[in-house]
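Trainee: I would like a close look at one part of this model. Could you walk me through what surrounds it?

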Amino acid sequence: LNPYGDINGDGKVTTADVGRANSHAKGVITLTDYDFVCADVKTDGSITTADVGMINSHAKAVKSLW
């Protein structure tokens, strides 16, 4: 199982995950299934810029997701 924020499944939360979440939030791509669950860090059923910000903060070691 991947931790929240690890959208690409590499075991880490990085700017690559931020980019994927941001692309979904902007409607460029559509995350589905397990990718969606990993990106929905607010667990509210949607991926928004708030989720992107939280993933970004974790990736930059500002604030941990877990």
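**A histidine and its surroundings**

Mentor: Gladly! Let's begin with a polar contact: the side chain of His24 reaches the backbone nitrogen of Leu31 at 2.9 Å. Please keep in mind that this is a predicted model. His24 is found in helix 1, which spans residues 15–25. With a relative accessibility of 15%, His24 counts as buried, because the cut-off for that label is under 20%. Leaving aside residues up to four places away in sequence, His24 touches Ile29, Thr30, Leu31, Phe36 and Ile47.

Two of those neighbours, Leu31 and Ile47, lead us to the largest nonpolar core. This core has 10 residues in all: Ile7, Val13, Val18, Ala21, Leu31, Ala39, Val41, Ile47, Val52 and Ile55. Helix 1 and helix 3 each supply at least two residues of the core. Ile7 is a good one to follow from here: not counting residues up to four places away in sequence, Ile7 touches Asp17, Arg20, Ala21, Leu31, Asp35, Cys38, Ala39 and Ile55.

That brings us to helix 3, residues 49–59, where the buried residues are Asp51, Val52, Ile55 and His58. Seen down the axis of helix 3, these buried residues fall within an arc of 125°, so they line one face of the helix. The general background is that an α-helix has 3.6 residues a turn, so residues three or four places apart point the same way. What covers the buried residues of helix 3 includes helix 1 and helix 2 (33–39). Finally, helix 3 is followed by Ala61, whose phi is positive, near 60°.

Notes. Residues are numbered from 1 along each chain as its sequence is written. This is a predicted model: local features need pLDDT of at least 70, side-chain atom pairs count only at pLDDT 80 or more; totals for chains, interfaces and linings use all residues. Side-chain values use heavy atoms; hydrogens and water are left out. Helices (H or I, at least four residues) and strands (E, at least two) are DSSP runs, numbered from the N terminus. Buried means under 20% relative accessible area, exposed over 50%, partly exposed in between (1.4 Å probe, protein chains only). A polar contact is a pair of N or O atoms within 3.5 Å; within protein, one must be able to donate a hydrogen and the other to accept it, and residues adjacent in sequence count only if both atoms are side-chain atoms. Contact means heavy atoms within 4.5 Å. The arc is that of the directions from the helix axis to the C-beta atoms. A nonpolar core is a set of buried Ala, Val, Leu, Ile, Met, Phe, Trp, Tyr and Cys residues joined through side-chain atoms within 4.5 Å.
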